[in-house]
Amino acid sequence: MSDALLLEGIEKTYNPGRANALRVLGGAALRVEKGEVVGLVAPSGAGKSTLLHIAGLLETPDAGRIRIAGEPADGASDRVRTRLRRDRIGFIYQFHHLLPEFSALENVVLPQLAAGSGSGAAEARARDLLDRVGLSGRLDHRPAELSGGEQQRVAFCRALANAPDLLLADEPTGNLDPGTSDRVFDALLALARETGLGALIATHNLELSRRMDRVVRLEDGVLVPG
Ligand SMILES: Nc1ncnc2c1ncn2[C@@H]1O[C@H](COP(=O)(O)OP(=O)(O)OP(=O)(O)O)[C@@H](O)[C@H]1O
């Protein structure tokens with residue numbers, strides 16, 4: 001069975017060869033199995049966003065191997081990387097970038113239509129996901145009519161809309177109270193168990209990281225057990 005994510009020997013230096021060269025990753029390695037939820041802990045500036053962007057094929061490392069759901073992504077063409085991002089990876093960023101003109105339901109339906117799903121199936125899946133995070137009563141609200149935490153939950157559902165193999169998230173429960181945060185995390189764990197979704201979740205929340213299957217720490221450019 002292939003892993004959701006495999007990173008080997010990932011290196012990244014910003015401004016190489018210049019006086020202000022900064023080596024952020026120096027051989028980082030990580031395996032996220034299917035159905036596994038892994039926490040990523042790092043002090044500010046350690047390179048957490050850089051690592052998430054590299055794993056999400058948004059940034060290219062200087063060296064190293066990347067596999068997404070078993071498929072090699074390092075050195076792959078732009079077309080292949082775009083397909084992997086669209087079909088295999090779900091992202092949750094700190095800023096949600098929901099589509100402001102569309103309702104919560106539409107924000108979760110639209111990525112599925114773009115990926116070729118029929119509208120009936122797409123709406124059913126969106127309703128199920130939004131229900132899992134307690135938003136059944138907000139389906140018709142636009143982002144501006146939702147609280148910050150509600151927007152974050154819509155972004156969570158949108159990231160999972162196309163049933164990705166890998167979820168990459170940066171503080172996905174940052175704006176949520178402990179009860180709601182638990183509920184969103186329960187939904188994530190249930191989806192991981194049900195569908196084999198693998199997740200890499202950056203967080204400073206100790207309570208949350210205790211509930212992960214495993215935690216890794218980014219330290220001096222490499223990943224060590226947390
Ligand atoms: N494009 C860039 N050019 C030069 N340096 C950069 C660039 N992007 C990030 N850096 C530097 O690389 C280091 C790692 O940045 P990164 O954004 O990955 O950190 P982070 O761990 O996500 O931090 P935070 O938790 O504060 O968001 C930082 O010191 C940052 O200043």
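## Helix packing and two sheets

In helix H3, Ala104, Asn107, Val108 and Pro111 meet Val154, Cys157 and Arg158 of helix H5. Sorted by class, this contact of H3 with H5 has 5 nonpolar, 1 polar and 1 charged residues. The model is predicted. Its chain has 7 helices and 10 strands. The radius of gyration is 17 Å, close to the 17 Å that the globule rule gives for 226 residues, so the chain is as compact as a globular protein of that length. Along the principal axes, the C-alpha atoms fill a box of roughly 55 × 40 × 35 Å.

**H3 against H5**

- Helix H3 covers residues 104–114 and helix H5 covers residues 148–160; their axes lie 8 Å apart and make an angle of about 20°.
- Angles under 35 degrees count as roughly parallel, and H3 and H5 are therefore roughly parallel to each other.
- The crossing in which H3 passes H5 is right-handed.

**H3 against H4**

- Helix H4 (residues 119–132) also packs with H3: the two axes come within 9 Å and cross at roughly 135°.
- H3 and H4 are therefore oblique to each other.
- Their crossing is right-handed.
- On the H3 side, the contact consists of Ala104, Leu105, Val108, Val109, Gln112 and Leu113. On the H4 side, it consists of Ser119, Ala122, Glu123, Arg125, Ala126, Leu129 and Leu130.
- By class, the contact of H3 with H4 has 9 nonpolar, 2 polar and 2 charged residues.
- Ala104 and Val108 of H3 meet residues of H5, and Ala104 and Val108 also meet residues of H4.

**The sheet of 6 strands**

- Strands of a sheet pair through backbone hydrogen bonds, either parallel or antiparallel.
- One open sheet has 6 strands in the order E6-E7-E8-E3-E9-E10, and its pairing is mixed.
- Strand E6 (89–92) and strand E10 (222–225) are the edge strands, each pairing on one side only.
- From one strand to the next, the twist averages 20°.
- Strand E9 (residues 214–219) pairs with E10 in the antiparallel sense over 4 bridges.
- Within that pair, Leu218 stands opposite Leu223 in E10.
- Helix H1 (residues 48–55) packs on this sheet and touches strand E3 (37–41), strand E7 (166–170), strand E8 (198–202) and E9. The direction of H1 makes about 155° with that of E7.

**The sheet of 4 strands**

- A second open sheet has 4 strands in the order E2-E1-E4-E5, with antiparallel pairing.
- Strand E2 (22–32) and strand E5 (71–72) stand at the edges with a single partner strand each, so one side of each is left without a neighbour in the sheet.
- Strand E1 (residues 5–14) pairs with E2 in the antiparallel sense over 8 bridges.
- Thr13 has Arg23 in E2 as its bridge partner.
- H1 packs on this sheet too, touching E1 and E2, and its direction makes about 125° with that of E1.
- E1 is also joined to strand E4 (residues 63–68) by 5 bridges, and these two strands run antiparallel.
- Leu7 stands opposite Ile66 in E4.

**The E4–E5 hairpin**

- E4 and E5 run antiparallel and are joined by 2 bridges.
- Arg67 stands opposite Pro72 in E5.
- The two strands form a hairpin with 2 residues between them. Ala69 in the turn has a positive phi of about 50°.

**Elements with several partners**

- H3 packs with H5 at an angle of about 20° and crosses H4 at roughly 135°.
- H1 touches E3, E7, E8 and E9 of the sheet of 6 strands, as well as E1 and E2 of the other sheet.

Notes. Residues numbered from 1 in each chain as written. Predicted model: local features only at pLDDT ≥ 70, side-chain atom pairs only at ≥ 80, totals over all residues. Axes fitted to C-alpha atoms, helices over the stretch in contact; angles between N-to-C directions. Parallel < 35°, antiparallel > 145°, perpendicular 65-115°, else oblique. Left-handed = near helix turned anticlockwise from the far one by under 90°. Contact = placed C-beta atoms within 7 Å. Nonpolar A, V, L, I, M, F, W, Y, C, P; charged D, E, K, R; others polar. Pairing = 2+ DSSP bridges. Rg over C-alpha atoms; globule rule 2.2 N^0.38 Å.
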